[in-house]
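Colleague: Mind if I quiz you on the terms you use for this one? I'd like to hear what backs each of them.

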Amino acid sequence: MSSALEKIKKFLKLEIEREFDNRAVVGGLEKIIPAWEQEANREGISSWVIKEICDRLVQYPTLSSEQREQIVQEILRITEKASNSTIKLAETSSEVEKIEYPQVSQANASDSSNQSRRFPKEVNSKPAGLDASLKVLPGIGPKNAQNLEKLGLHKLEDLLYFFPRRYDDFSKMKPINQLRFGEELTVAGTVQKSQLREIKGNRTLFEAVISDGTGSLRVSWFNQPWLEKSIRPGVQVVLSGKVDMYLGRLCMNNPEWELLDQEHLHTNRIVPVYPLTTGVSQKVLRRIMYQTVTFWATRIADHLPEDIRTAGNLLPLSHALRQIHFPDHESNLHAARERLAFDEIFFIQLGVLRQKQNWQNRTARVFTITDEWLNSQISRLPYSLTNAQQRAIHEIRSDLASGRPMNRLLQGDVGSGKTVVAAIAIAMVTASGSQAALMAPTSILAEQHYRSFQKLFVRTNEDNTAPFDPAEVRLLVGDTPEKEKQEIRQSLLSGEIKLLIGTHALIEDPVEFKQLQLAVIDEQHRFGVAQRSALRAKGDNPHLLVMTATPIPRSLALTIYGDLDLSVMDEMPAGRQSIETHIFTPLERERAYSFIRSQIRQGYQAFIIYPLVDQEHSQTDDTLAAVQQQQYLQKEVFPDLKIGLLHGRMRPEEKEQVMRHFRDKQYHILVSTSVIEVGVDIPNATVMLIEGANRFGLAQLHQFRGRVGRGNAKSYCILIPDNEDAAENERLSAMVETNDGFVLAERDLQQRGPGEFLGTRQAGFADLRIANLTDVHTIEKARNLAQQLFEKDPQLSDPRHQPLLEKLNAFWGEGRGDIS
């Protein structure tokens, strides 16, 4: 055995005799690392062996006696194996895998690879100890454990994935005479004097003067009298914080501090800042995290296969976990973030690929139509289809003829003509006698679809070439009379009804179809997974077409919507005018009212949107609310006009009545809250005035704007923020710059995150720990590598992919579920 290995064994045996008190070497075992590492390198010991031993020695002083004992046993095992001459030059996985570790399965030890590995191969990706309660940690009793549970921390593994919310960079150290006001940095020095005194309000002030030979710095701590025992004259300390000024002299107030000769967790480094709760301080939590991360991060096997790590240029998992918590350098922190973000996106990609494959493995009824039939239906329409509409119809036609269930998302901007595409898809299916259902999120929208079908696709005396008889298309909503509901259910079961349009009433238990073959869901992000599944369950593997008027940014289309085939409606019908958009300040409100009056004189109508229902729920006096403003407008501003009111607290039948009155021009102006945003079609409305516009997201503002401009007249959108300052709002400026919903969707995602787009599709995606759903670069990299892996091993049945399969199943078990 080499002298370096003999030496380390000698120190460890002495440590065992001393019952792991870390005094086998003066100053602690970690003090031998520099000299021992040099000696081991000179003797040609494997760099991997040196690294593994040194990593464990670095952790040693922070651990409990039980953990120290485990570390010692591990190092002794490594030295024993390393004493064999064959391991001195070992760098391939087949050789490294001969090293045995506690809690690591060797079931696959014989499965070697020609590729170089830096870490031993493990089948169990998670050591059993990580499921242990936090109470096993030194200093964590029942009360502390209870406090940590408030942060969602129940077991040791939770700590590894409880990432800092930000970092303070105290890695810059300066001599005191070079400090500048406002800098955040670290200084080290000797305490010259200290004093604890009481100040007003039963408070204490502890002051100390620190000197480093170049100058002196006064430091103060409020209400921390216990510091008097630690920060005494002659003691050397390290301080990190912001340089302040008092009476013309530089100082520091309440800086982080540590003794100069101890491991620095809070100073002189990039310091992690964690989310906190009552009873848990930053220092205590940081110490717990350091103790856990340094001990356990090296014991977790990497679930990502080596070839994927190499192709993605990604850190090993153990390195990433150490660096995300306690980064040695900013570049290491960036690399750790990149690795952990990749993991989350990679799991999403594998999950949606698996969902898509499961869907495509099913069989569905084949529907084929002739070109003549299709052309005859299109030629009946009172307008020409856009290229985007024709392309979408072609894609749907191919899906219906494939023998596999269609699973298509039809996304398009407001007014791009999605409904007519869905109508032709429905006609393709019902032409052979099968049934279809169209589910909308509100009664108003369901009735609007019903009217559109009646107008364009139901036979009349004037047009007997339409695909539906009047009795074959019915409307079912919550307030449909019970007698009519019974008649609809009977006709549906007998097959007389070919198309049922409605709300969630469609998925209630009494509703049964004879042969449901196509389910169409409008504004799909308004429906939860259970509701969509319930509608699909009404048929036998029916085809599924979901629609949304919220353009989906490309990064989301590649991730959370990755299981769906996309048809993008990126072209507006001919004659559709762009809506002129302006920002008015609150002082210009009268000007907006005058403009509305001028439009009404010409025979048009207007919307006025408010962010709140009534003033009672306002946290500030300057937030306008619909109920009070409708009364004010009716009495003071437009006493000669009729003004309707619509908000979310009204009963469904009340909303229906208001919308009918507005559609029938019984109201000149409709005052509403955000309930108006989805799909309502009032061709005569030419003005959309949005109050408190700075309170809405871009996607929502664009939806509001899309309620006007649906007729032939020029239309306008006026945005009034809460106050003068908010008029400079970046979102509002974007609304003026473009009418393109896809451009606005990308900006909204950047500014507000994915919540606006997720709806109820998957709340879990908004809770990703590291990944950013706007990071197209990482998304595309993860998608490409996921597809490559999926092509080779779609079930992840290869033994080498078992750790990845475990993590994937755990990820999709965290409330993300079925996303189709």
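**Sheet and helix pair**

Modeller: Sure. An open sheet of 6 strands runs in the order 16-21-20-17-19-18, with parallel pairing. Keep in mind that this is a predicted model.

Colleague: What makes strand 16 and strand 18 edge strands?

Modeller: Strand 16 (580–583) and strand 18 (643–646) each have a single partner strand, so one side of each lacks a neighbour in the sheet. As for twist, neighbouring strands here are turned by 15° against each other on average, direction ignored.

Colleague: How do you know that strand 17 pairs with strand 19?

Modeller: Pairing takes at least two bridges, and 4 bridges join strand 17 (residues 605–609) to strand 19 (residues 669–672), so they count as paired. The two run parallel. Phe607, for one, has Leu670 in strand 19 as its bridge partner.

Colleague: And what makes strand 17 and strand 20 a pair?

Modeller: The cut-off is again at least two bridges, and strand 17 shares 5 with strand 20 (residues 685–691), in the parallel sense. Ile608 has a bridge partner in each neighbour: Leu689 in strand 20 and Val671 in strand 19.

Colleague: Why is strand 17 called largely enclosed?

Modeller: Buried means under 20% relative accessible area, and 5 of the 5 residues of strand 17 are buried, so the rest of the structure largely encloses it. Gln605, Phe607 and Ile609 point one way, Ala606 and Ile608 the other, and all are buried. In a regular strand, side chains alternate between the two faces of the sheet.

Colleague: Which helices lie against these strands?

Modeller: Helix 20 (residues 626–637) lies across strand 17, strand 18 and strand 19, at about 175° to strand 18. Helix 23 (residues 730–737) also packs on the sheet, where it touches strand 16 and strand 21 (716–720). The direction of helix 23 makes about 150° with that of strand 16.

Colleague: Let's move to helix 2 and helix 3: how are they packed?

Modeller: Helix 2 (residues 33–42) and helix 3 (residues 47–59) meet at an angle of about 170°, with their axes 11 Å apart. Angles over 145 degrees count as roughly antiparallel, so that is what helix 2 is to helix 3.

Colleague: Which residues make that contact, and of what class are they?

Modeller: From helix 2 come Ile33, Trp36, Glu37, Ala40 and Asn41, which meet Ile50, Ile53, Cys54, Leu57 and Val58 of helix 3. By class, that contact has 8 nonpolar, 1 polar and 1 charged residues.

How values were computed:
Residues numbered from 1 in each chain as written. Predicted model: local features only at pLDDT ≥ 70, side-chain atom pairs only at ≥ 80, totals over all residues. Heavy atoms only, no water. Axes fitted to C-alpha atoms, helices over the stretch in contact; angles between N-to-C directions. Contact = heavy atoms within 4.5 Å. Buried < 20%, exposed > 50% of the residue type's maximum accessible area, 1.4 Å probe, protein only. Parallel < 35°, antiparallel > 145°, perpendicular 65-115°, else oblique. Nonpolar A, V, L, I, M, F, W, Y, C, P; charged D, E, K, R; others polar.
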